[in-house]
Amino acid sequence: MSKINAEAALPEDLAPVPLRDAPPTEAPATERIDWKRELRGLVLMLLAVLGFHSFIAKPFYIPSISMMPNLLVGDRLVVSKYPYGWDWSSISFHLLPRSDWRILGRTPEYGDIVIVVPRNRKEDLIKRVVALPGDRIAVVNGQIILNGKPVPQRVEPPVQLPVENKLMCDSGGYQRACLEDFDEYRTRLPSGREVYELPAYHETLPNGASYTIIDHLNQRLDHFAEITVPEGHVFLMGDNRDHSADSRMPLWGNGLGGPVPLSDIGGRAEFITFSLDGSQSWNPLSWFSALRGHRAGTSLRPPLEVSPSSAATAS
């Protein structure tokens with residue numbers, strides 16, 4: 001029996017078609033990058049960020065101890081730029097020349113924590129408003145005398161701050177002197193944790209704004225002769241009264257040199273976003289152990305209480 005040729009037995013229309021070489025495919029064209037468009041998009045994005053930081057809000061970092069215990073070194077916070085209107089110091093990086101113009105300018109309230117640019121340098125400091133335009137202010141034995149009346153202070157339990165030496169003082173030669181100032185207040189708790197227990201006072205301004213201050217030394221900043229705050233100016237002090245270069249200190253001492261113009265105030269501190277205790281490194285895993293979780297979300301607006309003078313007026 002002969003074998004059947006399968007191909008020969010298939011109908012003509014079903015016979016296999018010989019394979020042909022496929023037409024060569026063209027390599028996809030390389031898409032050219034429009035660098036002009038990319039650069040324009042980047043510039044617009046940077047301008048949007050700059051505009052938001054200049055006119056709405058901007059994050060800040062606390063590098064010094066002048067506002068302890070309410071602000072600690074390592075705190076990150078949000079400053080709103082619109083509460084007092086806008087001026088040259090509102091613009092991020094202080095790109096505009098110093099001037100006295102203001103747009104929709106408003107005066108801060110007693111107790112507000114504000115960002116200020118000293119008259120002799122372009123850097124941001126953070127202080128508290130303790131006197132307004134037209135007020136007479138003096139400091140006697142560490143107590144503010146406002147319009148001839150002592151600002152109420154009452155003793156509070158000592159403030160406990162963790163021993164974080166590199167965050168307790170400013171850098172430079174001042175570091176050692178500062179640590180020596182605090183050394184007598186260093187103690188170990190029953191839990192074994194070391195803290196500084198610093199003398200604290202509860203201070204209340206005429207509008208009822210109240211907050212805690214630290215005052216543990218008798219030094220020259222505790223004594224300031226009475227002056228009248230000029231129109232368009234405010235008097236600023238730090239909450240850490242013995243370690244704050246503020247309106248009590250001259251410009252040559254890195255202070256504010258007296259009352260500051262409202263045009264040098266660039267915003268109001270609102271709340272803490274997060275805080276690191278200084279133990280972090282470049283390793284992102286170390287950031288979690290350095291996080292001061294209890295400080296996140298802390299409001300920086302002082303609570304309002306009925307001051308003794310207000311209560312007397314009401315009665």
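1. A good place to start is a single pair of residues: Lys 58 stands opposite Val 79 in strand E2. Keep in mind as you look that this is a predicted model. Strand E2 covers residues 75–80 and runs antiparallel to E1, with five bridges joining the two.

2. Zooming out from that pair, you will find an open sheet of seven strands, paired antiparallel in the order E1-E2-E17-E5-E6-E15-E16. Its edge strands are E1 (57–61) and E16 (260–261), each of which pairs on one side only.

3. Next, have a look at Arg 121, which sits in the loop between strand E5 (113–116) and strand E6 (125–131). Is Arg 121 buried or exposed? Its relative accessible area is 15%, and because the cut-off for buried is under 20%, Arg 121 counts as buried.

4. Which partners does the Arg 121 side chain have? One polar contact, of 2.7 Å, is with the side chain of Asn 120, and a polar contact of 2.7 Å also joins Arg 121 to the side chain of Glu 123. Leaving aside residues up to four places away in sequence, Arg 121 touches Arg 98, Leu 251, Asn 254 and Gly 255.

5. Finally, a pocket for you: the second largest one holds about 310 Å³ of space. Its lining has 18 residues, and Pro 69, Asn 70, Arg 295, Thr 298 and Ser 299 lie nearest its centre. By character, the lining divides into nine nonpolar, five polar and four charged residues. Strand E10 (153–162) and strand E13 (210–214) each supply at least two residues of this lining.

Methods. Residues are numbered from 1 along each chain as its sequence is written. This is a predicted model: local features need pLDDT of at least 70, side-chain atom pairs count only at pLDDT 80 or more; totals for chains, interfaces and linings use all residues. Side-chain values use heavy atoms; hydrogens and water are left out. Two strands pair if DSSP finds at least two bridges between them. Helices (H or I, at least four residues) and strands (E, at least two) are DSSP runs, numbered from the N terminus. On a 1 Å grid over the protein atoms alone, a cavity is a set of points where a 1.4 Å probe fits but cannot get out, and a pocket is an open set with protein on both sides within 12 Å along at least five of seven lines; lining residues have an atom within 4 Å of a point. Grid points are joined across faces, edges and corners, and a volume is the space filled by probe spheres set on the points. Ala, Val, Leu, Ile, Met, Phe, Trp, Tyr, Cys and Pro count as nonpolar, Asp, Glu, Lys and Arg as charged, and the others, Gly among them, as polar. Buried means under 20% relative accessible area, exposed over 50%, partly exposed in between (1.4 Å probe, protein chains only). A polar contact is a pair of N or O atoms within 3.5 Å; within protein, one must be able to donate a hydrogen and the other to accept it, and residues adjacent in sequence count only if both atoms are side-chain atoms. Contact means heavy atoms within 4.5 Å.
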